[in-house]
Amino acid sequence: MFKSIFVTGLGGQGVITFAKLIAGYASDQGLKVSLFNSKGMAQRGGRVTSEIRISSDHNFVYGARLSAGGADILIGMEIGEAVNSLSFLKTGGLVLLINHAFVPTSMILRKETYPSIDQVREVFSQKTDRFFGVAEPKHPYNVFLLGVLGAILESLPEALPGFTCKGLEQTIKLSLKRDLEENLRVFQEGCVYGVQLSGS
Amino acid sequence: MKKMIIGNQAIAYGALAAGVHVVAGYPGTPSSEVLTELLNYAQNNPEAPYVEWSVNEKVAFEIAAGAAWTGKRALAAMKMSGANVAADSILSVAYSGTKGGLVLYIADDPGAEAGMPEQDTRVFALWAGLPVLETSSPEQAYYQCQFAFELSEATELPVILRSVTSVAHAQELIDADFAYQHIDREPLFKRDIFRFTKAGSAICLDQHHSLLARLEKAEKIISRRNINSMVNKENSLFAISAGSLKPYLIESLPPEEGIGVVYLESSYPLDQELIDRVLDQADRIVIFEELEPVVEMLIRSQAGRKGFNGTIIGKMDGVLPRVGRYSKKEIFKGLAALKQESVVEEEGSKEAITVKHPITFCAGCPHRGTYMALNRALKKTKLGKKETIVTGDIGCTILGMNPPFDSCWTEVSMGSSIGLAQGFVSAGVEKPVVATIGDSTFFHAGIPPLINAVQHRANLLLIILDNGWTSMTGFQVNPGTEEQFQNSNTRRVSLDRIVEAMGVDYLKVIHPLEMDEAVDVIKEGLLEKGVRVIISREECAIPRGRREPWQEIYEIDPGKCTFCKSCLRETGCPALSVKAMEDNQVMWIDPELCTGCGLCYTCCRFDAIHSKREVKDV
C-alpha cells in the first residue's frame with residue numbers, strides 16, 4: 001500500500017495538527033510515513049498545505065512531495081484553497097471538503113462572488129465522483145473533519161486501509177493535551193456525521 | 001530513540017552527533033529550524049555547543065570560521081540569500097582553509113516557495129571553490145552533516161552542506177540518540193600570516209594553490225568513501241540524479257526497469273571516477289538536478305575531455321527546465337527522452353475557478369498602523385500616494401506593498417531600502433522619498449547605508465518599523481528585542497542610541513496604534529529636509545498574544561454599521577468580514593482574531609465600532 005494525502009486550508013484552521021494526527025496514527029500502525037508542511041505564510045492568513053505519504057513497505061523509498069495527480073485523498077478546510085489544489089488530485093481520488101469560505105478583502109471590496117461548494121463539486125467532477133462535502137462543520141474543524149474522514153474510510157477502506165474512528169480517537173487522546181474532552185466530543189460528532197455522509 | 005523530525009532538525013542533530021562546538025546563523029526560510037533546534041537544545045542541556053542568532057550571516061560565518069581556526073568544530077547556517085551577504089568572508093576563508101571542521105549549511109528554495117530569487121548555491125560553490133554535499137532526506141541529512149565535518153577536517157576546507165525546501169521541511173521518523181557527543185578540544189590558534197592574512201600577491205597565489213590541492217583531496221575522499229552510489233552497473237542507458245531528487249527518481253523507476261542509475265550526494269567537486277565508469281559504457285545519459293545545470297556542465301566537460309560520443313540529456317539541450325521545483329513530472333519527461341520514447345503528458349486538469357488569498361499583515365499587526373499613518377500623512381500633505389516613492393525592505397514590513405496599503409515600491413535585499421532611497425534622491429526626484437525597514441533588517445544591513453545618507457546629507461525619511469522581533473521567519477530574538485525576552489546569555493542593544501550616534505538630528509519615536517499622533521509626526525517628517533528617522537515602535541502582536549490574552553477587543557454595532565466598508569478598505573484587517581443580517585449586510589469583527597488594536601475604530605465615521613469594555617461601561 002502506498003497512499004498520498006494532500007491537506008489544504010488557511011493559517012489558523014489547524015491543517016498542520018490535522019496532518020500530524022493522521023501521520024501519527026499511521027506511524028503508530030507501523031506504517032512508513034513522511035510529512036511535508038508548507039506553512040510559511042500561515043500567520044498572515046495565507047495558504048497552508050500538508051503532504052502526507054504513507055507506505056506499508058518500509059523499504060520503499062519515496063520523496064516527501066507530491067506531484068500533480070499524486071493525491072489519493074484531498075482534504076480541504078477552505079473552499080477556495082481546495083479548488084486551487086485540484087491539480088494534485090489523482091483521477092478517481094477521494095475529496096473531503098468543509099463548506100467554509102474565507103473571502104479575501106479584495107473580493108469583498110470588488111463585490112466579486114466567491115465559489116460555492118456546489119460549484120467546487122462541479123469543478124472536481126471532471127476528475128472524480130467521490131466527493132464528500134461537509135455542509136455543517138463543527139469547531140474545531142480539524143478534529144471534526146478527522147472524525148468525518150475516519151467514518152468515510154471505514155466505509156471505503158480501499159481508499160486508505162486500516163483507518164478507523166476508534167483508532168484515530170486513540171491518537172487524539174495521546175497527542176492532544178489541551179481541551180481534550182471537548183476535542184473528543186467534536187471528533188465523535190464528526191464520526192457520526194461521516195457515517196451519515198458515506199451512507200447517503 | 002525514534003523521533004519524527006524535519007530535515008533541518010536532522011541537520012541540527014547531525015551537528016550535535018558530530019560534536020559541533022560553535023554554531024551561528026541568521027534566520028531565513030527554509031533554513032531557520034537548524035538554529036532554533038540547537039538553541040533550544042543548548043538552553044535545556046548543561047553540555048551543549050555555543051549557539052547564537054547573529055546580527056547577520058556574514059558575522060555568523062566569521063564567528064564559525066574563527067572558532068574553526070582554533071581547531072574546534074563549527075557550523076554556520078543560513079538561507080541562500082544569506083550566503084550572498086556572507087560571500088566576502090566565505091570566499092576569503094575558502095582560500096585560507098580551516099583547522100577544525102567548518103560546515104556552512106545553506107538552504108536553497110527551488111520553486112521559490114518562501115520568496116526571494118531561485119539562486120543555486122552550487123554555482124556559488126564553484127566560484128568559492130568549496131565542496132558541496134547534498135541532502136536528499138532528513139535521515140540522509142543527519143549522516144551527511146556528520147560526514148561534512150569529517151570531510152572539512154580531512155581536507156582543511158570549509159564544506160557547504162546544501163539542502164532545498166523539500167528536504168529541509170520534510171518530516172520523517174528517524175532512529176538516533178539525538179544527543180550531544182562532546183569532543184574535548186582546546187582552542188589553539190597558531191599565528192600564521194601566510195595562511196590567515198591576504199597581504200601580498202605571494203601569499204594569495206600560494207593560497208590559491210592550496211585551495212585547489214584541497215579540492216582535489218576532497219574529490220578523492222568522496223570517491224573512496226562511496227558517497228555517491230550506482231545501481232545496475234552495466235548499462236548503455238544511465239540516469240543521474242543530484243541531491244534532493246534521489247527519492248523521486250527511485251519512486252519513479254519501476255523495479256523491472258533495467259537502466260543504470262547514479263545518485264550523486266555530492267555535487268562538487270564532481271566524482272570523476274564514478275562518472276568515468278558511466279561515460280565508458282553509456283550511449284545515453286540523462287541528468288536530473290533542480291535549478292542550474294551545474295552537475296550537467298561538469299559532466300559535459302568531462303565527457304568532452306574523454307571524447308564521449310553518446311548523448312547527454314539535461315537542461316542545456318532544453319529538455320528539462322531550469323526554473324521551478326522538480327516533481328515526478330520532470331523525471332518522467334527525462335526518462336522518456338533517455339529511452340527515446342514520446343512523453344505521455346499527464347492529463348492536466350483545468351482549474352476552472354481559482355481563488356487568491358493574498359498575504360497581509362496579521363490582525364493586530366503594528367505595521368498596519370504605520371502604513372495607514374503614512375498613507376494618511378501623504379494624503380494630508382497632498383504629496384499623494386501614487387507620486388511618492390516608498391522603498392520597502394525584507395521581512396514582514398514588505399507586506400506594505402500589498403493592498404489596501406499599496407505603499408512600498410521596491411524590495412531588493414536586506415537593508416537596501418535606504419541606499420535605494422538615496423539613489424532616487426541623488427537622481428533628482430523632487431518629492432520626498434521614504435524608506436521603510438524592520439528592526440531586525442535594520443540591525444542586519446541598514447546601519448552602513450544610514451551612515452552614508454547622513455554623511456552625504458541626503459534628503460530622505462526613514463521609518464524603522466520596530467516590532468521587537470524577527471517575525472517573518474518565526475519570531476526570533478534580535479539585538480533590539482526587549483531585555484526581558486533576550487536569551488540567558490544575550491542583552492538588548494538600543495536602536496535609538498545607534499541612530500542618534502550616527503548623527504541623525506531628526507529622530508522621532510511614534511506608536512503606530514496612536515493614529516492621530518503618528519500621522520502628525522510622519523506629516524512633519526515628510527516635509528523636513530535632511531535625514532529624518534522615525535522609529536515606529538509597538539511589539540509584534542503574535543508573541544504578545546501568546547503571552548497573555550487580549551484584554552480589550554472591538555466589536556461592531558450592527559445597528560449603526562452602514563456597510564460603507566471604510567474599515568475594511570483602509571485596514572484590510574483579516575479579523576473583518578461581512579455578516580448577513582435579516583435584510584442587509586454589515587461588517588463583523590471576528591472575536592477570535594481581534595487583538596483590540598483599534599485601527600478599524602479610527603476609520604469609522606458612524607461611531608459603529610466600540611471596544612467591548614467601553615460598551616460595558618455605557
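These legends walk through four close-up views of a predicted model.

**View 1. An open sheet of eight strands draws on chains A and B.** Welcome to the sheet, whose strands follow the order 6(A)-5(A)-4(A)-1(A)-3(A)-2(A)-8(B)-1(B). Their pairing is mixed. At the edges stand strand 6 of chain A (131-134) and strand 1 of chain B (2-6). Each of these two has a single partner strand, so one of its sides is left without a neighbour in the sheet. From one strand to the next, the twist averages 20 degrees.

**View 2. Strands 2 and 3 of chain A run antiparallel.** Here you can follow residues 32-38 of strand 2 alongside residues 47-55 of strand 3, with seven bridges joining the two strands. To find your place, look for Phe36(A), which stands opposite Glu51(A) of strand 3.

**View 3. Helices lie across strands in chain A and in chain B.** In chain A, helix 4 (residues 117-124) lies across strand 4 (71-76), strand 5 (89-98) and strand 6. Helix 4 runs at about 170 degrees to strand 6 of chain A. In chain B, helix 1 (residues 7-17) lies across strand 1 and strand 8 (170-175). The angle between helix 1 and strand 1 of chain B is about 115 degrees.

**View 4. Ser611(B) is a buried residue in strand 23 of chain B.** That strand covers residues 609-611. Ser611(B) has 0% relative accessibility, so it counts as buried. Its side chain makes a polar contact with the side chain of Glu552(B), at 3.2 Å. Leaving aside neighbours within four places in sequence, Ser611(B) is in contact with Glu552(B), Ile553(B) and Tyr554(B).

Terms used
Residues are numbered from 1 along each chain as its sequence is written. Chains are lettered from A and ligands numbered from 1 in the order in which they are written. This is a predicted model: local features need pLDDT of at least 70, side-chain atom pairs count only at pLDDT 80 or more; totals for chains, interfaces and linings use all residues. Side-chain values use heavy atoms; hydrogens and water are left out. Two strands pair if DSSP finds at least two bridges between them. Helices (H or I, at least four residues) and strands (E, at least two) are DSSP runs, numbered from the N terminus. Axes are lines fitted to C-alpha atoms, for helices over the stretch in contact, and angles run from 0 to 180 degrees between N-to-C directions. Contact means heavy atoms within 4.5 Å. Buried means under 20% relative accessible area, exposed over 50%, partly exposed in between (1.4 Å probe, protein chains only). A polar contact is a pair of N or O atoms within 3.5 Å; within protein, one must be able to donate a hydrogen and the other to accept it, and residues adjacent in sequence count only if both atoms are side-chain atoms.
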